[in-house]
Amino acid sequence: MQVSIKWLKDYIDFTETPEELADKLTMAGIPVENVVYTGEGLEKVVVGKLTEVRPHENSDHLQICTVDVAKGEPLTIVTGAPNVQEGQLVPVALVGAHLPNGQKIEKSKMRGVLSMGMLCSAEEMRLDLDALPESQKNGIYILPEDTTVGVSVKDVLGLDDVILEFELTANRADCFSVLGLVREISVLTGNPMHFPEIKVNEDDAADSKDLISVSIQANDLCRRFSAGVLKNVKIGPSPKWMQQRLEGAGIRSINNVVDVTNFVMIELGQPMHAYDYDEITGHSLTARKAVKGENLHTLDDSSRVANGTELVIADAEKPAGLAGIMGGLESEITEKTTTVVLEAASFYGPNIRRTARSCGLHSEASGRFERGVDVTETPRAIKRASQLLQEMGACTVCKNIVDVYPEPVVPVKISFTASQINRRLGTKLSGDVMCDILKKLGFGIETVSDESYTAVVPSWRNDVTRWEDLSEEVAQVYGFDEIPSTTPHGRVMSAGQSKKQYFIEKMKAVLCSLGLDETASFAFTHPSMYDKMQVPEDSMLRTAIPIMNPLTDEYPLVRTTLLSSVFENVVRNLSRKNEDVRLFEIAPVFYPKSLPVTELPDEVMKAAGIITGRRAPLGWNQVNDEVDFYDLKGIIEELLTALSIKRYTVEVGEHYVMHPGKTAVIKKGNDILAYIGEVHPAVAEAFSVKKKMYAFEMDVLTLMKHSEEHFNYTHLPKYPAVSRDLALLVDRDLPAMDIEKVIKKNAGPYFKEVCLFDVYTGKQVDSAKKSVAFSLLFQSNDKTLTDAEVDEAFGKIVFEVEKLYGAELRA
């Protein structure tokens, strides 16, 4: 947003320099990024009259000009421009001038003739070449015949102005207009505004309501739609003062009708559009959603195919414009236009932003709609545009304005107290001072009691919604530099990891040391993942929280299982020819208490991982064996050992993602420490993986619960250990873990450990049986054990396993 000081001074008087005004606005939360003097470099460029032009005696292309600049003797200036003639008025750069293009003017001899300055072209003065006629783009710039000799060219060209370039935040939509800025300047300087009265003489007998009909079909995207009709329109250039104001705002003059709509947009902040009435089919305009596939032909002569989400202004047959962004080419204003429809509306900002981005088409209008416009301004904008054109003698104004306003805006009311605002700002302002500031900003104030007030928010301040916003308004006007500085204070606490964080870091370190790579994933997933992983239909895992604004269509849900993320990462690696994958992730999953969500979900920390591929790195001295179930079991057992979790059991188990019969659960008491197993072939096929994968899943809090924190240390034993081997013939389906339990229970006080070292099925063993061999270790801390003491414990073990499981002792 940029605006000229001249335009601001049209509506308010102030004595501050541009820099002083910029500082005040910036401190009030309306940042001025830059102050630009439009005539910089033209201080010593004046209007001169060519009294004589003669050829240079020593050159076939130079000419010697005698120039009257109304300052003493005429100047002699040598020029190579072919378009100079006696009697012309031209810009003359005097000696000492430093032109905008960087050229410094000095006395110089050209082929023996002393030149006392330079005649300037448009390019040398840095004028906008695109806005000039072809005759003025090349050669010396020729000034109008009624220009006064000797005056500064800045005054003649309207470059005696200063431009303020604002870097406004998106919430201050009201300041994207001259009127909004003038309001703020009035409060900061204490000077009153003198905005012109908007008054239209409806001097045409026709009624706009009889000539044009407007309607809204997309009420969610268009809150108000207003239109007025002008007849007997005369298309021509707009007045010089208006062209200069628009140029100061960075907008090029086109013709009087288009210039007026742009002028009103910058002045009031309300974008407008003008249609050629005769090109509107059916003489009706409707705000509706575009039909998917229909053509959108805009003023930039580009055609776009609608995707069905855009808002358009359509006539009876086709779109006549892309709402809030750019009008249609077919209904644009041309020299043949005689009747004009002026349209002003209020559109839904987010839709305008999405459409502008998808079309790659940003405009001054779309920028304002994106930030929000004052819905009450649409009829006023039409009246202001009609007034300006009528004052130019360019039209007659039809009676009435067609206005569709389905749901009028109700003013926002905010309750606050003076003590609330003082506590937040660290001030001691009275309620009267606060109310006076808010009134100056356009807020209505209703006094409830000595300390309590209700502020009625003006229609143009859609960014103010709560009392904290009111405190900011008070602070900005009162002055941040007037608010005393205070040193923040509070109790400083040393930072550190929680017990849970430390435990998780330890898990990560151990798993990485065992050859696994840690991954980090988004906590989102897709419903199809539950089908691929064979999650039961009635499982709570399928009750996932839907995301209102997902990052992509691939992740519309918050995950309830960490395995979905791990599978995605494994598949991503395999698809990139990384065949040996060992991944794990420790991260939260989320279980909603109910849907739709009314309270925060339960956040549960899980650990999961998958291994697949070769057991050892590829090498000439390595075997090419693939990992199997026992590789994963070993990894998990090493992890449990590092976490000081002991005396657990390994049992046959089930898991939705794992192969039946090839799945184990590691338990301690009734708590499940881990699921480990081979990934179900159907799951692997669903992910298009043809090799075997082995997965694990654990609950971090359960692991923490059983991790020992306190340890009792004992001396290393002095006395030797005694080992016994126990070979048994048992039923083929009997788990070895059951035998181990009997051994531990009956092995007596000197028992230390048991290890299964052999399982055999074959020719020497019945097909319904298997042979299992255990190594038992006995040791005392006080003495050397005798064979009799060990044999007693060994015999009791044999007796119990024979009794419970019908086991046979093998020699």
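**Helices α21 and α22**

Begin with helix α21, which passes α22 in a right-handed crossing. The model on display is a predicted one. Two packed helices are described by the angle between their axes and the distance between the axes. Select α21 together with helix α22, residues 787–805: their axes come within 9 Å and cross at roughly 140°. That angle makes α21 oblique to α22, since only angles over 145 degrees count as roughly antiparallel.

**The largest pocket**

Keep α21 (736–746) selected, as it is one of the elements that each supply at least two residues of the lining of the largest pocket. Add α18 (629–642), followed by the strands β31 (649–652), β32 (658–668), β36 (751–760) and β37 (769–778), each of which also supplies at least two lining residues.

Which residues lie nearest the centre of this pocket? Select K633, E637, V650, M737 and E740 to find them; the lining as a whole has 46 residues. The space in the largest pocket is about 1800 Å³. If the lining is coloured by class, 21 residues appear as nonpolar, 8 as polar and 17 as charged.

**The second largest pocket**

Move next to L127, D128, L157, L159 and E247, the residues nearest the centre of the second largest pocket, which is lined by 35 residues. Two or more lining residues are given by each of β2 (32–37), α4 (153–157), β10 (162–166) and α7 (240–248). Which of the elements supplies the largest share of this lining? Select α7, which contributes 5 residues.

About 1000 Å³ of space lies in the second largest pocket. Colouring by class here gives 18 nonpolar, 9 polar and 8 charged residues.

**A sheet of five strands**

Strands of a sheet pair through backbone hydrogen bonds, either parallel or antiparallel. Select β5, β4, β3, β6 and β9, which form an open sheet in that order, with antiparallel pairing. Where are the edges of this sheet? They are at β5 (75–79) and β9 (117–119), each of which pairs on one side only. From one strand to the next, the twist averages 45°.

Within the sheet, isolate strand β3, residues 45–55, and strand β6, residues 89–94; this antiparallel pair is joined over 5 bridges. To examine one position in the pair, select V47, which stands opposite P91 in β6.

**An unusual phi and a cis peptide bond**

Most residues other than glycine have a negative phi, and most peptide bonds are trans. Two selections depart from these patterns.

The first is A70, in the loop between β4 (63–68) and β5. Although A70 is not a glycine, its phi is positive, at about 60°.

The second is the pair L595 and P596, joined by a cis peptide bond with omega of about 0°. P596 is placed in the loop between β29 (581–591) and β30 (602–612).

**Helices α9 and α10**

Select helix α9, residues 349–359, and helix α10, residues 364–371. Their axes are 7 Å apart, and the helices pack at an angle of about 140°. The two helices are therefore oblique to each other. Is the crossing of α9 and α10 left-handed or right-handed? The crossing is left-handed.

**The two cavities**

Rolling a probe the size of a water molecule over the atoms shows where empty space is left. A search of the whole structure finds 2 cavities of 30 Å³ or more.

For the largest cavity, select N295, L296, H297, T298, P319, A320, G321, L322, G327 and G328, which line it. The space inside is about 40 Å³. Strands β15 (295–297) and β18 (319–322) each supply at least two of the lining residues, and β18 gives the most, with 4 residues. This lining divides into 4 nonpolar and 6 polar residues, with no charged ones.

For the second largest cavity, select E279, D315, K318, P319, A320, E330 and S331. The volume of this cavity is about 30 Å³. By class, the second lining has 2 nonpolar, 1 polar and 4 charged residues. To end the tour, highlight P319 and A320, which are among the residues lining the largest cavity and among those lining the second largest cavity.

How values were computed
Residues are numbered from 1 along each chain as its sequence is written. This is a predicted model: local features need pLDDT of at least 70, side-chain atom pairs count only at pLDDT 80 or more; totals for chains, interfaces and linings use all residues. Side-chain values use heavy atoms; hydrogens and water are left out. On a 1 Å grid over the protein atoms alone, a cavity is a set of points where a 1.4 Å probe fits but cannot get out, and a pocket is an open set with protein on both sides within 12 Å along at least five of seven lines; lining residues have an atom within 4 Å of a point. Grid points are joined across faces, edges and corners, and a volume is the space filled by probe spheres set on the points. Ala, Val, Leu, Ile, Met, Phe, Trp, Tyr, Cys and Pro count as nonpolar, Asp, Glu, Lys and Arg as charged, and the others, Gly among them, as polar. Two strands pair if DSSP finds at least two bridges between them. Axes are lines fitted to C-alpha atoms, for helices over the stretch in contact, and angles run from 0 to 180 degrees between N-to-C directions. Angles under 35 degrees count as roughly parallel, over 145 as roughly antiparallel, 65 to 115 as roughly perpendicular and the rest as oblique. A crossing is left-handed if the near helix is turned anticlockwise from the far one by less than a right angle, and right-handed if clockwise.
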